[in-house]
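User: I have a structure to go through with you. Can we start with the surface and then work inward?

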Amino acid sequence: MTATLPLEKTAEFQAPDALRAADNKPSLVGLSRTRLAKELAAIGVPEAEMKMRVAQLVHWLSVRGVTDFDAMTNVAKTLRAKLSAHFSLARPEIVSEQVSKDGTRKWLLRMPSTGPLDKGAEIECVYIPERDRGTLCVSSQVGCTLNCTFCHTGTQKLVRNLSAAEIAAQVIVARDRLNDYPGRAPLEGAFVPTDGGRFVTNIVFMGMGEPLYNPANVAEAIGVLTDPEGLQLSRRKITVSTSGVVPEIGPLGSATNAMLAISLHATNDPLRDKLVPLNRKYPIAELMDACRAYPGLSNARRITFEYVMLKGVNDSPAEARALVRLLKGVPAKINLIPFNVWPGAIYECSDWETIERFSQIVFDAGYSSPIRTPRGRDILAACGQLKSETEKLRARARMMLEEQLALGAD
Ligand code: SAH
Ligand code: SF4
């Protein structure tokens with residue numbers, strides 16, 4: 001079945017390959033080795049030096065987090081000058097930073113404009129510190145073309161894919177703000193950890209967007225994040241969450257070796273059709289077949305099944321038992337997510353006892369079933385609450401433009 005879903009919107013425009021500085025110089029931040037080599041070739045770096053020059057750039061950009069070409073001390077002065085004449089080290093602009101009572105941080109990031117009509121799309125990125133890890137929840141698209149009925153992101157109108165550089169740059173921005181670079185002086189206002197160690201250890205593609213509607217850029221970004229001489233994240237600590245884009249699940253595993261999470265939320269098609277409209281295209285049986293065939297699946301590498309707890313909708317003991325039956329034979333973890341309410345939501349979160357009863361049934365069947373503690377609720381940073389303020393900011397930009405025009409007319 002290939003018919004377009006009635007609720008599906010199409011991505012309006014594609015991302016530019018590189019970020020850009022205010023003066024429009026392309027940024028080298030977040031680029032893969034292949035793209036860096038292409039950029040260097042374009043400014044005349046000889047092929048014989050290429051491997052070494054790219055390795056130097058990867059080190060300065062990803063390990064040291066430099067913001068100025070002059071800091072690249074082992075790069076010849078003439079090349080540094082050439083680099084800064086043609087390129088920048090611009091990051092996405094941080095429009096706002098909110099810090100929750102529980103330490104969760106949410107950044108609203110503005111991406112460079114893609115043309116005269118685009119004021120620069122905004123996305124959100126959330127950092128969740130825990131005792132044994134720091135998880136960064138990254139976005140793969142601006143908004144989302146799917147319309148899961150319980151998700152705030154799905155209500156956002158403006159949609160486009162993020163480029164690989166824009167995805168990887170979210171990690172760089174988080175490292176900047178957390179001062180997560182060895183031997184670098186803190187940037188002004190950065191949060192300085194007290195217990196040593198790295199801050200960003202795990203990445204989850206659970207921010208805005210459907211990663212498997214942007215699979216090539218997600219795979220390329222994972223390549224940048226896991227570069228062993230660059231950002232050095234482990235593929236086993238990168239989890240891609242999908243609402244179930246069945247044909248892309250196997251290829252994602254083969255291309256990236258990343259961990260997989262499935263936003264399941266229902267155990268029968270009629271209900272999942274309502275909650276996750278993509279189910280009408282790829283029903284549960286097909287989704288489960290794709291899961292069983294996921295490359296590298298084993299008891300040590302389980303698939304996480306996310307299940308949002310919606311009061312009176314999907315939270316009965318019978319549904320918990322159906323979930324257990326459905327997952328039989330699949331190396332799985334179940335992640336119960338208390339529904340995070342957002343303004344205008346049509347659902348409520350299940351009662352705590354209901355969630356616990358559900359969890360117990362799943363646990364008794366032999367599955368680990370942690371109930372995800374909601375993080376950052378006070379700053380709307382929890383799952384499914386993300387929705388950038390693009391529309392609000394657009395209105396503000398329009399007002400400012402009108403004011404300028406009015407002033408010019410005087
Ligand atoms: N589009 C991808 C990844 C982003 S959503 C996906 O759907 O998997 C990340 C997770 O948050 C998904 O499991 C999603 O179902 C869940 N989620 C969305 N809205 C939520 C809400 N309001 N409360 C709790 N979880 C929510
Ligand atoms: Fe998109 Fe995921 Fe939200 Fe569904 S749950 S609307 S796929 S971001």
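User: How much area does the protein chain expose, and what share of it do carbon and sulfur atoms supply?
Analyst: This is a predicted model. The exposed area of the protein chain is about 18,400 Å², and carbon and sulfur atoms supply 54% of it.

User: And what percentage of the residues count as buried?
Analyst: 54% of the 410 residues in the protein chain count as buried.

User: How many helices and strands are there?
Analyst: The protein chain has eleven helices and eleven strands. Among its contacts between residues at least 6 apart in sequence, 66% join residues at least 24 apart.

User: Take helix H5. Which residues are buried there?
Analyst: H5 covers residues 215–225, and its buried residues are Asn217, Val218, Ala221, Ile222, Val224 and Leu225. They sit on the same side of H5, because they cover an arc of only 155° around the axis.

User: What covers them?
Analyst: The cover over the buried residues of H5 includes helix H4 (164–178), strand E7 (202–205), strand E8 (238–242) and H6.

User: Now H8. Which of its residues are buried?
Analyst: In helix H8 (residues 284–292), the buried ones are Ile284, Leu287, Met288, Ala290 and Cys291. Viewed down the axis of H8, these fall within an arc of 155°, so they line one face of the helix.

User: And what lies over the buried residues of H8?
Analyst: Their cover includes three helices, H6 (246–256), H7 (269–275) and H9 (317–326), along with strands E9 (259–263) and E10 (303–309).

User: Changing topic: how many salt bridges does the structure hold?
Analyst: It holds 17 salt bridges. In one of them, arginine 53 pairs with glutamate 49, with the closest N and O atoms 3.0 Å apart.

User: Where do arginine 53 and glutamate 49 lie?
Analyst: Both are in helix H2 (residues 47–63), four residues apart, which is about one turn of the helix.

User: Buried or exposed, those two?
Analyst: Arginine 53 has a relative accessible area of 13%, so it is buried, the cut-off being under 20%. Glutamate 49 is at 28% relative accessibility and counts as partly exposed.

User: Which residue does glutamate 93 pair with?
Analyst: Glutamate 93 forms a salt bridge with arginine 110, and their closest N and O atoms are 3.1 Å apart. This pair links distant parts of the chain: glutamate 93 is in strand E1 (residues 93–99) and arginine 110 in strand E2 (residues 105–110), 17 residues apart. Glutamate 93 counts as partly exposed at 42% relative accessibility, and arginine 110 counts as partly exposed at 22%.

User: What about aspartate 351 and lysine 311?
Analyst: Their side chains meet in a salt bridge, 3.3 Å from N to O. Aspartate 351 is in the loop between strand E11 (332–338) and helix H10 (352–364), and lysine 311 is in the loop between E10 and H9, so the pair ties together parts 40 residues apart in sequence. Aspartate 351 is partly exposed, with a relative accessible area of 37%; for lysine 311 the value is 37%, also partly exposed.

User: Which residues do salt bridges with shared partners join into one network?
Analyst: Arg33, Asp227 and Glu229.

User: Last thing: which residues are around ligand 2?
Analyst: The residues around ligand 2 are Cys144, Leu146, Cys148, Cys151, Gly154, Gly209, Glu210 and Ser243. By type, this shell divides into four nonpolar, three polar and one charged.

Technical notes
Residues numbered from 1 in each chain as written. Chains lettered and ligands numbered in written order. Predicted model: local features only at pLDDT ≥ 70, side-chain atom pairs only at ≥ 80, totals over all residues. Heavy atoms only, no water. Buried < 20%, exposed > 50% of the residue type's maximum accessible area, 1.4 Å probe, protein only. Helix = DSSP H or I, 4+ residues; strand = E, 2+ residues; numbered from the N terminus. Arc of directions from axis to C-beta. Contact = heavy atoms within 4.5 Å. Near = heavy atom within 4 Å. Nonpolar A, V, L, I, M, F, W, Y, C, P; charged D, E, K, R; others polar. Salt bridge = Lys/Arg side-chain N within 4 Å of Asp/Glu carboxyl O. Areas by Shrake-Rupley, 256 points an atom, 1.4 Å probe, with all protein chains shown as cover.
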